[in-house]
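User: I'd like to walk through this fold one contact at a time. Could you show me the chain before we start?

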Amino acid sequence: MLQDLPFGPGDVTAGSEDELQAVVAGKSEFCDLPITIRESKFYRNLAKRISSGEAPRKTYLEVEEFLNDSVEVWENSWIRFPQRRLSTHALETFHCDLGLLPASSRKPIRTDSLRYIFEQDGEPWIRVPISYSLKLALADLIGTQPHLPLRMRSEAERLLGHFANDNTSPETTSFHVVGAASQRSLGEQVARESARRFLFTTLLMSWANQRFGLAEKGQRGMVYHGPHPPVRQTEISSYISDAFYRELYMSPCLSGWEDGEAKAEYMHLCHQVLSRSQLNSVAKLREAGIIANNLIVLPSPSNVSLANNGIHVSMGSRSLSRALAGEEPATSFSEEKRLGDLAIKIFEHFLPLFVGTYSAAPYRIDFAQFHPELLLAFLPHELDFTHLRLMWREWKEKAKLKVLGRPATPYGPLGIDRAISGIFRLRGDLVPDYRLLNYPVAWLSTEHASALDGEPGNIARLAAELDQLGIVDRRMSFYMPFRLRQLQKAGYSGFEARYYSLFPSYDRDMAPATDLQQLLLAASYQMAIEGAVVHEQIPDDPTSESERRQPFFFSAAGLPAFYVHKRTRNEFLRRILRHCKNTRSSWRHPDYFRVSLSDYRHALLEFLAEESAGTMENFQATLLIGDLRWRLADKRMRASERLTAGILNSQGLTNPMRSNAAEFNRAAEKHYRDEVRQAQLGEALSHLRDDIRETSANSDDEFRAMMRHGVRVQDPLRLLDGVGERLMRDELTAAELESLLNLLLVFSATESDQAHGMTHNENAIHEI
């Protein structure tokens, strides 16, 4: 069926989806989020209940503290501005998304349309999520330029579909799929496309700030990569009802969906289900013996995990897609599923190579937060009881939770826990990737159903069982760290990686991570297709599945070791462990090996060198593996350590344990919003300079015409040199913003034409 092995050099096309954090900066009297809270029935009723003595004054004071926050940054707020600030085209786009125009006949009229339009100062105003402003800004850019070259206009119209707002955050998908080039690897191409898309998105937000009058109305929008749910959003979720939380923070899904209102209802369902699911996890913790008595702290009824943001990288195989397209549909679907599930199970063993190494989400946890019912979040639904107990024990030991030599965990009353923490210097912990711990990354199989046994329909069967157990809703998308994308559904045959949190650098981290993903995918698929590994060697029962995912979750928590049963049924894992040099029998658990995660990561590379030497030679992976070994040998080179160092530098500290959790985590958000964002924009500008130099020497007539009539600047390089610093500070003029956005449209149009012949379906880079 196949002439070449899939996912090899030259065979792969790829794209990414970036989930971004959006904020509105400004005083509380000008920004929508605090205004909406103050004008809400919830706030008025709370004030009445307090005045009558029916509610504790503490809740009211906590809400007031939130509203009067001195930082004046409102995560995931909405924006409000006069309707007249929109161009005709932007206003038509807005009305189309509400289903109010004949052109939007395929979209039903939204019954909540009045939520987005109100009257103020005698004129109509618009009120929309900050995430939706990106699409409106692009539509406005089109509408303000009636003489824009046709090719650029059609490209801008096409790009409108790449800006969506799902869950809470804005999301962008690759403007075009990429493949390896003669001088650049696949990873470099993916990273460069993602960087330029981030630059384009940032400029659109600046356009909205100016054109919509946000800045002059005391609102300044900003987008950046922020991996974990905002600290203040997490705090207020415990003060307000779950319904009011959804009203404030859940996106109405105005962009990217045929029926946005139905999609919004689905997102509300997801929030309700995940909130219920975490409450149900408390019972599992009791059954596992981790909660030994009835003294617990109930999780918030408004779960905030959907506010996390990651980056998903999808890869499709040209040769596999062609081969499957030529087979009988039933045969190709079944075989694609069998091999795909097996490749995923193989690949999952290598996930610890990525966590904290290339992407991360550092997060401080105070002693008072070390309640298993809060900290372990969805892990009771992702690990079996044995591995959950082992993880909790390792985590407490890492955090040094001991008083006078005896294990200690917080009691519950915050005042008592803070006193104990201060007296006995219990500082809590710092984890390298909190996003992977706080969000349901991988639902565990049951005794009767597995999502990776190679059988068609297995995900639906497992989801139905988990639905009955109160863990998920069968209508929800099924969460997996590495997901199969099948030809019949996605339009290409490939896989989607969903385990990336925040890349500190596009060039230094995203590019090699994507190259490593391709290398390991090619090696995994080769083992599957050649029969070197079969499904029976990686069992699908819950204990075996939990065992192989254990190092993934332990890596996210920064734990030093994980446990493998001496009689494990996972033959593939046994083969890897033979390359471990420091693994020993556990003293506390004599039936288990205690496997050092550092040793395991090196063993993975030794196993790869032995079992897939030909694949590594084919990829010319010497430099890639050398860089990985360097990161493993020197912690300072890892993404988690570099991000932590940057956060501490902004605080003037050298030790994260000298900062309390709230201060550190808010400093992390500021670091992502300022230094990391600016560094990533700097990379994107550097790439753009390179592209201008390369293209100017080999441009065609259409390119030169678009530059002359669309960008309308004589020297694009000189333009970039003159705007760099002011771009970072959001101080560009409207004319400069227009020129830069048009310049990026020229390159997007040119590159999308070049990518048009690729077999990867650009509209299915990620099933949001």
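**Contacts, sheets and odd backbone angles**

User: Which residues of H2 meet which residues of H3?
Analyst: Contact here means heavy atoms within 4.5 Å. Helices (H or I, at least four residues) and strands (E, at least two) are DSSP runs, numbered from the N terminus. On the H2 side you have Tyr43, Leu46, Ala47 and Ile50. Their counterparts in H3 are Arg57, Thr59, Tyr60, Val63, Glu64 and Leu67.

User: What sort of model is this?
Analyst: Residues are numbered from 1 along each chain as its sequence is written, and side-chain values use heavy atoms, with hydrogens and water left out. Local features need pLDDT of at least 70, side-chain atom pairs count only at pLDDT 80 or more, and totals for chains, interfaces and linings use all residues, since this is a predicted model.

User: How are H2 and H3 oriented: roughly parallel, roughly antiparallel, roughly perpendicular or oblique?
Analyst: H2 covers residues 41-51 and H3 residues 57-67; their axes sit 9 Å apart, at an angle of about 140 degrees. Axes are lines fitted to C-alpha atoms, for helices over the stretch in contact, and angles run from 0 to 180 degrees between N-to-C directions. Under 35 degrees counts as roughly parallel, over 145 as roughly antiparallel, 65 to 115 as roughly perpendicular and the rest as oblique. That angle therefore makes H2 and H3 oblique.

User: What handedness does the crossing of H2 and H3 have, and how do the contact residues divide by class?
Analyst: H2 passes H3 in a left-handed crossing, meaning that the near helix is turned anticlockwise from the far one by less than a right angle (clockwise would be right-handed). For the classes, Ala, Val, Leu, Ile, Met, Phe, Trp, Tyr, Cys and Pro count as nonpolar, Asp, Glu, Lys and Arg as charged, and the others, Gly among them, as polar. So the crossing is left-handed, and the contact of H2 with H3 has seven nonpolar, one polar and two charged residues.

User: And H19 with H26: which residues make the contact, and what are their classes?
Analyst: H19 (residues 506-530) and H26 (residues 661-696) have axes that come within 10 Å and cross at roughly 80 degrees. They are therefore roughly perpendicular to each other. H19 brings Tyr506, Asp507 and Arg508, while H26 brings Gln680, Glu683 and His687. By class that's one nonpolar, two polar and three charged residues.

User: Is strand E17 largely enclosed or largely open?
Analyst: Buried means under 20% relative accessible area, exposed over 50%, and partly exposed in between (1.4 Å probe, protein chains only). In E17 (residues 494-500), seven of the seven residues are buried, so the strand is largely enclosed by the rest of the structure.

User: Which strands pair with E17, and which residues stand opposite Ala497 and Glu496?
Analyst: Two strands pair if DSSP finds at least two bridges between them. E11 (residues 311-317) pairs with E17 over five bridges, and E16 (residues 482-485) pairs with E17 over four, both in the antiparallel sense. Ala497 is the bridge partner of Val313, and opposite Glu496 stands Arg483.

User: Which strands stand at the edges of the E4-E6-E5 sheet, and what is the average twist?
Analyst: This is an open sheet of three strands with antiparallel pairing. E4 (78-82) and E5 (117-120) each have a single partner strand, so one side of each is left without a neighbour in the sheet. The edges are thus E4 and E5, and the twist from one strand to the next averages 35 degrees.

User: In E6, what is the bridge partner of Arg80?
Analyst: E4 and E6 (residues 123-129) run antiparallel and are joined by five bridges. Across from Arg80, the partner in E6 is Arg127.

User: Is Ala377 buried or exposed, and how about Lys400?
Analyst: Ala377 has phi near 45 degrees and sits in the loop between H13 (372-375) and H14 (385-398). Lys400 has phi near 55 degrees and lies in the loop between H14 and E13 (402-403). Both phi values are positive in a residue other than glycine. At a relative accessible area of 3% Ala377 is buried, whereas Lys400, at 65%, counts as exposed.
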